[in-house]
Amino acid sequence: MEQIYPDLNQLISGMADGDKEFEKELTLAIHKGLLELKEVYAQGSLEKNDVKLQQIRHKLKPTLAMFELLQITDELQLGKEIIESEGFEGPAFSNHYRNLQRKLEIAIKRVFELT
């Protein structure tokens, strides 16, 4: 089975530069950020609150990019485009939301494995 985000451990380790305590803190911070993204995105979607979604996208974008969580970044961009063109109603946003939640679950599990 292909491992999801195979370079994640190496990216975290490289950033920690051999400091195991910092590596642990960094891993926990990534995990916390992904959990927050999942929760806030769910709330914003339920409330149909584009501002809330925009804020959480903006907050986590650097972390997602830094640790190459590109599947999530791409899905967030797709969601932004769907909201701008079609709004929250309809199958496009529903499909996006389900895909994002699934991708977040995978990433959260992967990061948790590193703790």
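**Exercise 1.** Does L35 count as buried, partly exposed or exposed, and what is its relative accessibility?

*Solution.* The model is a predicted one.
Step 1. Locate the residue: L35 belongs to helix α2.
Step 2. Take its relative accessibility, which is 39%.
Step 3. Compare with the cut-offs: buried means under 20%, exposed over 50%, and partly exposed lies in between. L35 therefore counts as partly exposed.
Step 4. Place it relative to Q54: the two residues are 19 apart along the chain, and their C-alpha atoms are separated by 16 Å.

**Exercise 2.** Describe the largest nonpolar core and the surroundings of I72.

*Solution.*
Step 1. Give the size: 26 residues make up this core.
Step 2. Name the residues with the most contacts inside it, which are L34, L37, Y41, L64 and I72.
Step 3. Assign the core to elements: two or more residues come from each of α1 (8-16), α2 (20-47), α3 (50-66), α4 (70-86) and α5 (91-114).
Step 4. Look at I72, setting aside neighbours within four places in sequence: its contacts are Y5, L34, L37, L64, L100, K103, L104 and A107.

**Exercise 3.** Determine which helix gives the most to the lining of the largest pocket, and sort the lining by class.

*Solution.*
Step 1. State the volume: the largest pocket holds about 280 Å³ of space.
Step 2. List the lining: D50, Q54, R57, H58, K61, L64, T73, L76, Q77, K80 and E84.
Step 3. Match the lining to helices: α3 and α4 each supply at least two residues, and α3 gives the most, with six.
Step 4. Sort by class: five lining residues are charged, four polar and two nonpolar.

Key. Residues numbered from 1 in each chain as written. Predicted model: local features only at pLDDT ≥ 70, side-chain atom pairs only at ≥ 80, totals over all residues. Heavy atoms only, no water. Core = buried A, V, L, I, M, F, W, Y, C linked by side-chain atoms within 4.5 Å. Buried < 20%, exposed > 50% of the residue type's maximum accessible area, 1.4 Å probe, protein only. Helix = DSSP H or I, 4+ residues; strand = E, 2+ residues; numbered from the N terminus. Contact = heavy atoms within 4.5 Å. 1 Å grid on protein atoms, 1.4 Å probe; cavity = no way out; pocket = protein on both sides within 12 Å on 5 of 7 lines; lining within 4 Å. Points joined across faces, edges and corners; volume = space filled by probe spheres on them. Nonpolar A, V, L, I, M, F, W, Y, C, P; charged D, E, K, R; others polar.
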